[in-house]
Amino acid sequence: AEAEEPVAARSVPAEDDPMREIFIEECGEMLSLITAALDVLTNSPDDPGALSDLRRGAHTLKGSAAMLGYESVRGVGLAMEDATDVIIETDHGLRETTHEAMVGAANWIEQASKLIAKTGSCGDMPWEIITALKTEPATGGESEESAQDDPMRHIYLEEIEQLIDQLNHDLIVLEQQPDDA
């Protein structure tokens, strides 16, 4: 079953929603910060300033999206922030596969912001992007490839996705009928 859009996103046209306009503007600013940081990290994967900028941009996007109910953008921002935290905490620098996942996440957020500007909705949670960002190993132990091949991981992610979809659906129903709860 297809998840419904949040009530607030469906009820206000983009041009009549100043909060949405502010979000779109801030999203562009944070994406510029993230893109610049990723450019630096291409040649200097452990640059502390670029890692800090990457984290700050992801954190800001996560918070702004959460305040306005753009859960997919919030989820991607959270995954970017978490992956950056692991990189900073372990001091191993941004790996190439994680760099690619970050670029993919930034591109997805850019497309989502265009969709938000046009329709008020950011679309479905991009689980493939979030999963790619979650493979950043905390230590040198398990390889990214072995983590991806773990059959239990795939089952777990499918179950989590189903639970989140059900929670989103229940929240929408509750928002539409608050007196019936």
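Helices are DSSP runs of H or I spanning at least four residues, numbered from the N terminus. In this predicted model, local features need pLDDT of at least 70 and side-chain atom pairs count only at pLDDT 80 or more, whereas totals for chains, interfaces and linings use all residues. Residues are numbered from 1 along each chain as its sequence is written, and side-chain values use heavy atoms, with hydrogens and water left out.

A good place to start is Ser-64, which lies in helix α3 (residues 48-68). Ser-64 has a relative accessible area of 9% and is therefore buried (under 20% relative accessible area, 1.4 Å probe, protein chains only). Leaving aside residues up to four places away in sequence, Ser-64 is in contact with Phe-23 and Glu-26 (heavy atoms within 4.5 Å).

The largest nonpolar core (buried Ala, Val, Leu, Ile, Met, Phe, Trp, Tyr and Cys residues joined through side-chain atoms within 4.5 Å) has 37 residues, of which Leu-54, Val-73, Val-76, Met-80, Ile-109 and Leu-133 touch the most other members. Two or more residues come from each of α2 (18-43), α3, α4 (71-90), α5 (96-119) and α6 (127-134), with α2 giving the most, 9 residues. Beyond four places in sequence, the contacts of Leu-133 include Val-76, Met-80 and Ala-105.

Helices α2 and α5 pack at about 165 degrees with axes 10 Å apart (lines fitted to C-alpha atoms over the stretch in contact, with angles from 0 to 180 degrees between N-to-C directions). The pair is therefore roughly antiparallel (over 145 degrees). Among the residues that meet are Phe-23 and Leu-31 in α2 and Met-102 and Ile-109 in α5.

Definitions and conventions. Buried means under 20% relative accessible area, exposed over 50%, partly exposed in between (1.4 Å probe, protein chains only). Angles under 35 degrees count as roughly parallel, over 145 as roughly antiparallel, 65 to 115 as roughly perpendicular and the rest as oblique.
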